[in-house]
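Student: I'm new to this one and would like a tour. Could you walk me through it, question by question?

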Amino acid sequence: MTRDYPDEPADEFPRPPRTVTDREDRDVEILAADMADYDSVLEMYLSFDPADRAQGIPPTREPAIEDWLDTILGEDTLNVVAVHEGSVVGHATLVPDRHGEYELAIFVLQAFQGAGIGTNLVETLLGLAQSAGLEKVWLTVERWNDPAVALYRKVGFETTEAESFEIEMSIRL
Amino acid sequence: MNILLGVGGSELSYQALEETLDRAQATGDNLTVAIFDNEEVSADADEIRDRVEETLAETDFDAAIRRLEGDSPGSELVSLAEREEFDRIVLGGGERSTLGKIQLGAIVEFVLLNSQTPVTLIR
C-alpha cells in the first residue's frame with residue numbers, strides 16, 4: 001500500500017522553542033521533548049479525560065500508558081510539548097512507520113482545547129521535522145472529528161483517503 | 001448457535017480463529033470458516049486454507065470451510081450469513097499503527113455497516 005502525498009512541499013514551519021499566548025491569554029511554551037521528559041508527559045496522560053480518546057489512544061491504565069510512551073518517545077521519534085506554569089498541557093508526536101514515513105498524533109488537555117494550542121503544537125512539530133530532514137508525514141483522524149480535521153487542513157495537510165471511518169491526510173515537508 | 005467466521009489472512013484474523021475455536025469448544029456452537037482474499041494482506045486463499053486446516057487439526061475441532069469468491073469479500077460474507085441464516089458473523093480486525101492508532105480495514109467496516117446478522121469484532 002502506497003500513500004499519496006501532495007506534490008508541492010509545505011512552507012517553512014516555526015521551530016521550537018517558542019512562547020505563544022493562547023486565545024485565553026495563557027502563556028504557553030512549545031518545547032522539543034524526548035525520553036528525558038517522560039515523567040511530565042506521563043503526568044499529562046494520567047489526567048487525560050478517557051472520553052477524549054481517539055482511535056484507541058491514549059491508553060487509560062497507567063502500565064499501558066507507560067508502554068505506549070516507551071514507543072512514542074523512543075528512538076527515531078520527534079516530540080513537542082506545550083507547557084503552562086510548569087505542567088505539560090499538550091503533546092504532539094511523530095513516530096516512524098515501516099516505510100520510513102512518519103505518523104502524527106496530537107493530544108491537548110481538555111481545559112486547554114479550543115485555544116489555538118493544538119495548531120501551534122502541530123506547526124512547531126512540523127518545524128522540528130523540517131530541521132531533522134523528514135519529508136513525509138501522515139495521520140488518520142475520525143471522520144466526525146471536525147475541529148481536528150479543520151486544524152490539519154489549516155496547517156496544510158491534504159486528504160488522501162476518505163472512504164472509511166477514518167480520514168487519512170498527508171503533508172510533504 | 002451457528003457462527004460464520006471470516007478469515008482473510010491477517011494476523012488478527014488468525015487470532016480471531018483461535019479465540020472463536022476456544023469459545024465454540026466451550027459452548028458447542030457450530031462453526032463455519034469462510035476464507036477470502038483480503039487485498040490489504042499478502043496471502044492467497046490456499047495459504048489461508050492450509051493454516052486454518054492446521055489450526056483446526058491441532059484443536060481437534062470440526063468446522064466447515066468455505067471459500068468466498070469475488071472482489072467484495074465483505075459483501076459475500078454478509079450475503080452468505082443471511083442466505084444460510086447464520087446467527088452471528090465473527091471477524092478479527094482493528095490493526096494498530098506503530099503509533100498505536102486503531103484502524104478498521106475496508107472489509108470489517110463493510111460488514112459492520114451492512115450486515116443484518118449480529119457481528120462480533122475481535123480486536
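**A walk through the two chains**

Student: Let's start with helix 1 of chain B. Which of its residues are buried?

Tutor: Keep in mind that this is a predicted model. Buried here takes 20 or more other C-beta atoms within 10 Å of a residue's own. In helix 1 of chain B, the residues that count as buried are Leu12(B), Ser13(B), Ala16(B), Leu17(B), Thr20(B), Leu21(B) and Ala24(B).

Student: And what do the buried residues of helix 1 of chain B pack against?

Tutor: Their partners are both strands and a helix of chain B. The list is strand 1 (2–7), strand 2 (30–35), helix 2 (45–59), strand 4 (88–92), strand 5 (95–96) and strand 7 (119–122).

Student: How far apart are the end C-alpha atoms of helix 1 of chain B?

Tutor: The helix covers residues 11–27, which makes 17 residues. At 1.5 Å a residue it should span 24 Å, and the model agrees with that, because the end C-alpha atoms are 24 Å apart.

Student: Which residue just after helix 1 of chain B takes a positive phi?

Tutor: Look just past the end of the helix, where phi comes to about 80°. The residue with that positive phi is Gly28(B).

Student: Now zoom out. In what order do the elements of chain B run from the N terminus on?

Tutor: Chain B has 4 helices and 7 strands to place. From the N terminus on, they run β-α-β-α-β-α-β-β-β-α-β.

Student: What is the radius of gyration of chain B, and what does the globule rule give?

Tutor: For 123 residues the globule rule gives 14 Å, and chain B comes close to it, so the chain is as compact as a globular protein of that length. Its C-alpha atoms fill a box of roughly 40 × 30 × 25 Å along the principal axes. The radius of gyration itself is 13 Å.

Student: What share of the contacts in chain B joins residues 24 or more positions apart?

Tutor: The count takes in contacts with a separation of 6 or more. Among these, residues 24 or more positions apart account for 73%.

Student: Is strand 1 of chain B largely enclosed or largely open?

Tutor: Across chain B, 37% of the 123 residues count as buried. In strand 1 of chain B, 5 of the 6 residues are buried, so the rest of the structure leaves this strand largely enclosed.

Student: Which residues stand opposite Leu5(B) in strand 2 and strand 4 of chain B?

Tutor: Strand 1 of chain B runs parallel to strand 2, joined by 6 bridges. It also runs parallel to strand 4 of chain B, with 4 bridges. Opposite Leu5(B) in strand 2 of chain B stands Val33(B), and its bridge partner in strand 4 of chain B is Val90(B).

Student: What handedness has the β-α-β unit of strand 1, helix 1 and strand 2 of chain B?

Tutor: The path goes from strand 1 of chain B over helix 1 to strand 2. That β-α-β unit is right-handed.

Student: Where in chain B is Asp60(B), the residue with a positive phi that is not a glycine?

Tutor: Its phi is about 60°. Asp60(B) counts as exposed because it has 8 C-beta neighbours inside 10 Å. Its place is the loop between helix 2 and strand 3 (64–67) of chain B.

Student: And where does Glu85(B) sit?

Tutor: Glu85(B) is not a glycine, yet it has a positive phi of about 55°. With 8 C-beta neighbours inside 10 Å, it counts as exposed. Its place is the loop between helix 3 (73–83) and strand 4 of chain B.

Student: How many residues of chain A are in contact with chain B?

Tutor: Chain B brings 11 residues to these contacts. Strand 6 (102–103) and helix 4 (106–114) of chain B each supply at least two of them. By class, that side of chain B has 4 nonpolar, 4 polar and 3 charged residues. The number in chain A is 14.

Student: Over to chain A: how many residues of helix 3 are buried?

Tutor: Helix 3 of chain A takes in residues 117–131 and reaches 21 Å from its first C-alpha to its last. It is mostly covered, and its buried residues include Leu121(A) and Leu125(A). Of its 15 residues, the buried ones number 12.

Notes:
Residues are numbered from 1 along each chain as its sequence is written. Chains are lettered from A and ligands numbered from 1 in the order in which they are written. This is a predicted model: local features need pLDDT of at least 70, side-chain atom pairs count only at pLDDT 80 or more; totals for chains, interfaces and linings use all residues. Helices (H or I, at least four residues) and strands (E, at least two) are DSSP runs, numbered from the N terminus. The expected span of a helix is 1.5 Å times one less than its number of residues. Two residues are in contact if their C-beta atoms, placed from the backbone, lie within 7 Å. Ala, Val, Leu, Ile, Met, Phe, Trp, Tyr, Cys and Pro count as nonpolar, Asp, Glu, Lys and Arg as charged, and the others, Gly among them, as polar. The radius of gyration is taken over C-alpha atoms; the globule rule is 2.2 Å times the number of residues to the power 0.38. Two strands pair if DSSP finds at least two bridges between them. A crossover is right-handed if, with the strands pointing away from the viewer, the path from the first strand over the helix to the second runs clockwise.
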